[in-house]
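Reader: I have a structure open in front of me and would like to learn how to read it. Could we go through some features together, one at a time?

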Amino acid sequence: MQKIEEAKSKFGTLLEQQLARIEKMKQNATPINYADCKPIIIGITGGDGIGPAITKASKDVLEYLLADAIAVGKIELRNIEGLTIERRAAEKVAIPPAVLDELKKCHVILKGPTTTPQAGDEWPNIESANVAMRKELDLFANVRPVRVPEKGLDWTFFRENTEGAYALGSQGIHVNDDLAIDFTVATTQGCERIIRAAFEYAKANGKKRVTAVTKSNVVKTTDGKFSMIAKEISKNYTGIILDEWYIDIMTAKLIDEKRRTQFEVMVLPNLYGDILTDEAAEFQGGVGTAGSANIGARYAMFEAIHGSAPRMVKEGRDIYADPASMLRASAMLLSHIGYVKESEKLTNALDICTVSEKKIVITGRDTGCTCTEFAAYIMTTCKNI
Ligand code: IPM
Ligand code: MG
């Protein structure tokens with residue numbers, strides 16, 4: 001009985017936290033205007049595993065593409081140290097407070113993958129740094145493009161990034177030795193802002209279909225809310241169809257060659273977005289090829305969609321890690337802060353180096369080139385565009 005009381009009290013705290021978050025969302029923070037940032041500070045944090053290697057490669061490319069803006073003080077690239085699993089484990093926090101303070105002094109962040117502990121491994125079972133950063137900086141829209149022109153695929157995923165099963169994923173309750181309970185959360189404000197972002201993107205880019213992916217027939221309350229709000233919001237966008245799919249059949253339809261080319265913009269709760277975007281990236285060449293933008297009103301963070309690949313480091317292969325995902329993320333960062341020409345140049349160079357020309361290739365082992373060699377290839381290609 002006392003265990004039930006303890007669980008109730010923890011649940012009460014969660015409700016209070018979520019209600020407070022709703023109040024914050026209601027204040028509708030004014031979006032940042034990068035033209036007012038002198039300089040625009042790009043924080044760069046390497047993370048764990050292959051993170052430092054692929055982040056360094058991306059930093060070199062950014063430094064190259066932004067050389068003029070950096071020289072005249074319009075842009076500052078700033079290294080942020082300390083977002084490592086060793087330090088996070090020592091402090092037993094998802095993000096050390098001093099590191100978070102430094103991150104908050106930046107306008108945008110390029111983040112290498114960070115190790116996410118799980119019960120039973122060598123680390124304390126702390127919250128994922130990704131998840132914590134998305135919540136701390138209120139980066140509610142996780143935008144993940146996947147393009148495979150030769151297969152007719154041009155998808156943009158809008159994964160909700162601050163709610164769902166993720167938001168409370170480290171706040172579940174072991175009621176007693178036998179009973180474990182997790183929570184998922186959906187708020188009106190949280191659903192509205194991600195669904196609106198997806199529709200606004202569709203409108204601005206001439207897309208005709210927004211697909212909402214849930215399991216609202218089973219997960220009736222939270223997914224049900226997401227689905228109802230999608231229906232409501234779609235009424236404000238004439239000419240754009242709202243199409244609804246359940247996550248299970250959606251994973252199947254991504255491999256249905258006839259159906260999948262019809263999808264354009266997908267909007268989904270956090271966990272479904274996590275799963276579906278890994279599957280989608282596979283058509284493009286794997287998670288190593290996909291970048292991701294985490295966008296909020298004040299901050300934005302750009303990262304690979306994959307993890308830190310500790311196995312590659314253990315096997316001494318980190319110098320052969322593929323930086324393409326971080327470079328795609330860097331291209332998204334550039335266009336987000338208004339450096340569209342530089343972004344297009346990088347995207348074109350990536351297409352040339354990984355698809356059409358492939359003078360050197362990354363294989364993840366000594367059969368291919370190193371991460372540094374690949375970054376040099378990208379920069380030479382940029383020079384010739
Ligand atoms: C992603 C990753 C992260 C997530 C992990 C590393 C916590 O898989 O960005 O998709 O699950 O969100
Ligand atoms: Mg993932």
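Author: Happily! Keep in mind from the start that this is a predicted model.

Reader: Let's begin with helices. How many residues does helix α14 have, and how far does it reach?

Author: The general idea is to set the span of a helix beside the span expected from its number of residues. Helix α14 covers residues 324-336, which is 13 residues, and reaches 18 Å from its first C-alpha to its last. That is close to the 18 Å expected at 1.5 Å a residue.

Reader: Is α14 mostly covered or mostly open?

Author: Here we need a cut-off: a residue is buried when its relative accessible area is under 20%. By that rule α14 is mostly covered, with ten of its 13 residues buried. Among them are Met326, Leu327, Met332, Leu333 and Leu334, along with smaller names on your screen such as Ala324 and Ser325.

Reader: Could we look at one of those residues? What does Ser325 touch?

Author: Ser325 sits in helix α14 and has a relative accessible area of 0%, so it is buried. Leaving aside residues up to four places away in sequence, Ser325 touches Val287, Gly288, Thr289, Ala290, Gly291, Ala304 and His306. Just after the helix, you can also find Gly338, which takes a positive phi of about 95°.

Reader: Which parts of the structure cover the buried residues of α9?

Author: Helix α9 runs over residues 222-234, and its buried residues include Phe226, Ile229, Ala230 and Ile233. The elements covering them include the helices α8 and α12 and the strands β8, β9 and β10. Like any helix, α9 can be checked for its span: its 13 residues reach 18 Å, close to the 18 Å expected.

Reader: You mentioned α12. Where does Asn270 lie, and which side chain does its own side chain meet in a polar contact?

Author: Asn270 lies in helix α12, which covers residues 270-282. Its relative accessibility is 2%, so Asn270 counts as buried. To read a polar contact, look for a pair of N or O atoms within 3.5 Å. The side chain of Asn270 makes such a contact with the side chain of Arg159, at 2.9 Å. Asn270 also touches Glu160, Asn161, Thr162, Glu163, Gly164 and Tyr166, among residues more than four places away in sequence.

Reader: Now the ligand. Which residues surround ligand 1?

Author: Start with the shell, then look for polar atoms facing each other. Ligand 1 is surrounded by Thr116, Ser128, Asn130, Arg134, Arg144, Arg159, Tyr166, Asp274 and Ile305. You have just met Arg159 as the partner of Asn270. The shell divides into two nonpolar, three polar and four charged residues.

Reader: How far are the polar side-chain atoms of Arg134 and Arg144 from an oxygen atom of ligand 1?

Author: For Arg134 the distance is 2.7 Å, and for Arg144 it is 2.7 Å as well. In the side chain of Tyr166, an N or O atom is 2.5 Å from an oxygen atom of ligand 1. The protein covers 85% of the 320 Å² of accessible area that ligand 1 has on its own.

Reader: Let's try a loop. Is Glu127 buried or exposed?

Author: A loop residue can be read in the same way as a helix residue. Glu127 is in the loop between β3 and α6, and its relative accessible area is 19%, so it is buried. The side chains of Glu127 and Lys135 are joined by a polar contact of 2.8 Å. Other residues that Glu127 touches include Arg88, Ala94 and Ala167. Also, Glu127 and Pro117 are ten residues apart in sequence, with their C-alpha atoms 7.5 Å apart in space.

Reader: And the backbone? Which residues are joined by a cis peptide bond?

Author: For that feature, read the omega angle. Lys38 and Pro39 are joined by a cis peptide bond, with omega about 0°. Pro39 is in the loop between α1 and β1.

Reader: What is the phi of Asp138, and what is the phi of Lys358?

Author: Asp138 has a positive phi of about 50° although it is not a glycine. Asp138 lies in the loop between α6 and β4 and, at 30% relative accessibility, counts as partly exposed. Lys358, also not a glycine, has a positive phi near 45°. Lys358 is found in the loop between α15 and α16, and with a relative accessible area of 43% it is partly exposed.

Notes
Residues numbered from 1 in each chain as written. Chains lettered and ligands numbered in written order. Predicted model: local features only at pLDDT ≥ 70, side-chain atom pairs only at ≥ 80, totals over all residues. Heavy atoms only, no water. Helix = DSSP H or I, 4+ residues; strand = E, 2+ residues; numbered from the N terminus. Buried < 20%, exposed > 50% of the residue type's maximum accessible area, 1.4 Å probe, protein only. Near = heavy atom within 4 Å. Polar contact = N/O pair within 3.5 Å; in protein donor to acceptor, adjacent residues only side chain to side chain. Areas by Shrake-Rupley, 256 points an atom, 1.4 Å probe, with all protein chains shown as cover. Nonpolar A, V, L, I, M, F, W, Y, C, P; charged D, E, K, R; others polar. Contact = heavy atoms within 4.5 Å.
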